[in-house]
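Hi,

Here is the structure I promised to pass on. Have a look at it first, and then read my notes underneath.

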Amino acid sequence: MQLYKDVILLKNFLSQKEQLELIKDVNKFRELYKPTRARNPISNFTKIIAVDLVKKSTILPDSFRLYSAKACKTAHDVCSTIPPTYTPMYCTSFIYPEKEGKLRGHCDKILGWVVLISLGCTAEFWIKGPKMADRKYFDFESGDVLVFNGGTEYNILHGIDSIKSGTCPSFIPAEFHKSRLSVQFRQTLRND
């Protein structure tokens with residue numbers, strides 16, 4: 001579904017099996033990263049991984065490569081300006097708590113395509129492109145994927161107003177039942 005020029009939402013994109021594989025692979029990297037809280041008082045999340053996927057010492061899990069590439073190819077089929085191939089260079093993952101989880105509206109200002117995967121509870125997510133009069137809100141549910149370019153020239157504002165309680169699918173591991181897990185792939189190493 002095209003939300004705006006070069007912004008594609010893929011609903012129910014990952015199967016239950018794929019979601020569980022991705023969670024398992026994220027958890028492997030959690031052991032290597034010290035969790036950090038949001039840097040601004042408006043947002044409420046914890047970063048649980050930050051991985052440079054270009055380093056020769058990093059072993060890229062199949063799920064990271066396959067699911068980000070599959071999402072980009074599918075988004076390309078909807079919008080030809082999105083590249084048909086995708087190799088992630090950087091991965092981050094965030095946990096947003098049920099009810100209080102928030103992400104202040106922002107533009108990434110980092111050139112490169114972003115593949116953003118939502119797992120667990122549903123996020124009340126929004127985007128606003130430069131020519132949009134108002135924000136476009138949507139339910140970003142477990143297994144959904146958003147593909148967009150984070151570059152300044154695209155200026156895609158986005159954020160999360162809340163995490164809906166009681167929306168986590170039962171197959172998601174218990175440790176994430178009261179939260180949303182976000183897995184973000186980028187084609188750039190800069191991530192500030």
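Below is what I found, starting with how far to trust it.

This is a predicted model, so local features need pLDDT of at least 70 and side-chain atom pairs count only at pLDDT 80 or more, while totals for chains, interfaces and linings use all residues. Residues are numbered from 1 along each chain as its sequence is written, and side-chain values use heavy atoms, with hydrogens and water left out.

The mean pLDDT (the predictor's confidence in each residue, from 0 to 100) of the protein chain is 90, and 97% of its residues reach 70 or more. Confidence is lowest in E1, at a mean of 85, and highest in strand E9 (residues 136-140), at 97.

Now the sheet. An open sheet is formed by 8 strands (DSSP runs of E, at least two residues, numbered from the N terminus), in the order E1-E2-E10-E7-E12-E5-E4-E3, with antiparallel pairing (at least two DSSP bridges between two strands). Strand E1 (2-4) and strand E3 (36-37) stand at the edges with a single partner strand each, so one side of each has no neighbour in the sheet. Between E7 (residues 113-120) and E10 (residues 145-149) there are 5 bridges, and Val115 stands opposite Val147 in E10.

Finally, helix H2 (residues 62-78; helices are DSSP runs of H or I, at least four residues) packs on this sheet. Its buried residues (under 20% relative accessible area, 1.4 Å probe, protein chains only) include Phe64, Tyr67 and Cys72.

Enjoy exploring!

Key. Contact = heavy atoms within 4.5 Å. Axes fitted to C-alpha atoms, helices over the stretch in contact; angles between N-to-C directions. Buried < 20%, exposed > 50% of the residue type's maximum accessible area, 1.4 Å probe, protein only.
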